[in-house]
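Got the structure open in your viewer? Let's walk through it, one selection at a time.

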Amino acid sequence: MIGRERVAAQLADLIRAHPVVAVVGPLGIGKTELVRWVVEREAAAGRVPAPAYASLAGVGGAREILERTCRALARRYPPVESSRLVPALCALFTSTECTLVWDDAQDAPPEALAATLVAVPPSGGLERSCRIVVVARDPVASNHTALHAWAERSAIASLEVPPLDAAACRRLIEALEHRRGRSLQDEAILASGGNPLALQLAVAAASAAGSDPMVGLGHAIDGLPSDARAVLFVLLAAETSLRDADLGAVCGSSTSGVLLLLARHALVVRDGDRVSLPPPMMGLVRSLIGPPRPATWEALEALARRALAGAPDDSEALLLACRALAQRGRAPEALALLRGHVAARAAASPAALERTFGDIARGDTAAAPDSLLALAREQLRWGDFEAARRTLCGLATLELPAPLVYRRCILSAEALVRAGEPASATQELEHARLVMPPGAEIALEEGLADLAILRGDLHGSRRALLRLARRTRSVPNLEGRRAVSLGFSYLLEERHDRALAWARKARQAYRRRGDAAVDILVPIVEIAALMGLDQIDRATEVAARETAVRTSLDDRGIGQGTAILFQAGVLFRRGELEEALRVGEPAFRALDRRADRIFRARVAHYLARSAIGLGQFERAEEFIRIGAGIAAEPGLGVLRPMCEMDFTLLCEARGERKEAADRSRRALSGAWRSPLAQVDAWALDDRDLPPPHAGFGAAQAYTSLRSAERALERGDLAQADAAAGRAEAWYRRAGALYELARAHLVCGEARARLGQPDESSSAIAACVSLSERNGYRPLLVCAHLLRAFLAERAGDLEGCSAELESAWNRATRELRDEALLRACSRARAPTGDGATGPTHPLASRIARLGLDRPARFVTQDGERRWILDAGEEPPGRFDLTMVVDSGRVRSDRAELPLPPQRLQILEQLACTGATGMSLEDLHLKVWGGTEYHPLRHRNAVYVALTRLRESLGAVLARDAFVEGPDGRYRISPGVRVAVRRSWMGGNLTRTPAPPRQSKTM
């Protein structure tokens, strides 16, 4: 960093202020070191996210940019469809906090760089998103229209690294001399051996090189001995690091000395016992020395075969051997090698495999069909249906023998089925039937069964697949595909126990081939089934295993984009609904209509259920309609019942119970028999029917939860409490927080209505804790309603009003219905403008709790008050009831009118409760005096109290009030006096103000 202090400060300011910064400058100017030093310093100070580095040298397109970026971020590279590469990058950038350095950007195709830079989040999200520093020799937008347009639109920041000034150059030379232990003059003398002519030539060569490092690099390579150039050819052909011992076996015993010479010229880098060409140097060296020679490829083939013999799962050795064979014109041998090393092939990156298959196809036209069919099969296993279709479409233009046409049609149909295009898949299978070779009908029958699953003929497809069992048992690939199709059919019917069993059978079948490379659908079915079984921790483990970057190469894994969506699914089942939407929605939006439509519909299902739990009904409806649009396409009828059930739960959450019941019956009107959907339909049915049979544990727990909610609607409170207790135990063990909060809410309501306030308050507190932490707004509002009910029952009218106000404030516009507005108005809780939504999500619960029943009177007993309708009586028995509006007092014995003054004295004593009132308090409150003088005022108060006592003797056998030792008058112990008045407009309470203490004279 000598002489770079000022430019380093400029770069730090740019990185902090912009999402994308371009650092440009000629070869050797020090761009990479400058960027690394600045980024690491700023990250250590906490001013930017942690750094990650990826070289773009030699990338061929957006896929390789994505792969190298994922590798730099320690993420599994996602084998997504080609059209989803940029959205996958967008999801990656959005979900990752880092400072990503893309080095050697001048080697990337401009169109690929332009496409990937579009995915960078805007500068408004700098605090959460990924920043990118692009390091290149030329300005990023110099010669490409799309890049130039993006740069102008996004205001990309750019910094050109200037040459060192003379002073800095001298300091750098001094540092180099100090590190090497001798001066540059000593170097020249040593190199020339004291020969004057050699010394003059060395100085002339250095002068001729000037400031262009390429000239110096060319001179350095030209001056290399033949054995050093041979090492360069080997490393250039390998395009990966090689061990010292392997290089020595290929290049001879002088390799160690040659490597020292190449390292002195910065032509190789070492990592432990492995040596490679630096990525920035590959293109330069290739342009200077040309392509590798045939002898080099032959040596590399022998080297790779030795490595494969020792490690059959070494993907780099396999691909190197195949490339060497293809370069030598032996394409059939390369294909045979690829087919024979399944584990190594499964561990290779998609881009590397595509390149290898492409090299084989280009090297031998006769082997091209087999090579491209094998590539299409790999692309299907990755889940890149679009790339597989593009590969197969290229084959459609070739003249192929019937067996290869059959394979192409079967693979095309599989790609179309997976992408959710059954009509086109049917056409391909019909074509395959016409050219089917003898004995090859199993693949066709499996394809037809897959189409039957998508149509919704689940029972027919299962019968067809089960009939194939004897014929596929000895063929692991066909048996694995048959088993995963069966598992997928059960998953779509929410019979998760059977889906998991068949997914595991499929995995076992694939492993019988001697490797663990399974179809991508296997882990997808397995994870979804585990979530449906409430084995949430196990689902998390499987998802992590499938997506982790591993060196054991024990499985293929699913892509990072798929992993993000399944992460959202796991969060949904855990009940972390806000996080599920935050993580899942951006990735879901990045899927386009060419993506796997069934997977897209499934993710829409998870996101819709999450939005319902959060009370975001319009957002939920948007997701459901996306799924319904997919289900409406020809041949995808299997998705319709699930969409109907999503609409069912949305209607129920909105309070549209009749429509919800109609939709649930519509969902179950065909052959689709989801146990969970049957439970929902039963819970919404008004008929007195027993609950449906639930097989697996998660379905039984859901039956208990829905039984409890149904019992609340019917008023069977003891049954509701018991069923909710069973559900609560299951969901606590499973870690399903949303269902656990629902169970707590049911327990809270049942116990509140049973008159168990303490037990109810404990359950409500548990529900509130979960709801506040995870954003279950509907449950949180309902918890406030229950607390308002408990407060009203206890006579705490202020507490009831406060809870209703909290319910109103917590509720969104979609949750504020007319019933909540009536309840708030009844308890005088403020509601702002009183705007409500068009639906009735809270009406049923508010009606059950009676929070919106008519309010004609308020009855007060000391500090407790109850709002009552005409004909209602407050809880408990009262000795005296004073009706303020009519000026009368009644008891069980009689009823009599009282003069206003006596009535007011009794009201004051009844409302102050145990605190009591002094003579001074009574004078000030009843007589309205401004000050109290005992000699003038005491006698009048005594007389009024005596007359009140005498009057009340006609309706009460004992004194209604007494004078205490402290001189204060109180209602007599054991006597309950209620004050009843109209509940009209005005303030919430007419409770007398707390009395002042008597003055001592």
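This tour visits a sheet, then a few aromatic rings.

Before you click, know that this is a predicted model, where local features need pLDDT of at least 70, side-chain atom pairs count only at pLDDT 80 or more, and totals for chains, interfaces and linings use all residues. Residues are numbered from 1 along each chain as its sequence is written, and side-chain values use heavy atoms, with hydrogens and water left out.

**Stop 1: strand E9.** Select residues 857-861, which make up strand E9. Helices (H or I, at least four residues) and strands (E, at least two) are DSSP runs, numbered from the N terminus. Is E9 mostly covered or uncovered? Mostly covered: 5 of its 5 residues are buried (buried means under 20% relative accessible area, exposed over 50%, partly exposed in between, with a 1.4 Å probe and protein chains only). Phe857, Thr859 and Asp861 sit on one side, with Val858 and Gln860 on the other.

**Stop 2: the partners of E9.** Add residues 864-868, strand E10, which pairs with E9 in the antiparallel sense over 5 bridges (two strands pair if DSSP finds at least two bridges between them). Look for Val858 and its bridge partner Ile867. The two strands form a hairpin with 2 residues between them, and Gly862 in the turn has a positive phi of about 65°. Now add residues 977-982: this is E16, antiparallel to E9 over 4 bridges. Here Thr859 stands opposite Arg980.

**Stop 3: the whole sheet.** Zoom out to see an open sheet of 6 strands in the order E10-E9-E16-E11-E12-E13, with mixed pairing. E10 and E13 (895-897) are the edge strands, each pairing on one side only. Further along, pick E11 (residues 880-883) and E12 (residues 888-890), antiparallel and joined by 3 bridges. Thr881 stands opposite Arg890 there.

**Stop 4: aromatic pairs.** The structure holds 3 aromatic pairs (rings of Phe, Tyr and Trp, the last by its six-membered ring, pair if their centres lie within 6.5 Å; planes under 30 degrees apart count as stacked, over 60 as edge-to-face and the rest as tilted). Select Phe572 and Tyr606 for a tilted one, 5.7 Å centre to centre with 45° between the planes. Phe572 lies in helix H31 (residues 560-574) and Tyr606 in helix H33 (residues 597-613), so the pair ties together parts 34 residues apart in sequence. Back at the sheet, Trp866 and Phe878 make an edge-to-face pair at 6.4 Å centre to centre and 70° between the planes. Trp866 and Phe878 are both buried.
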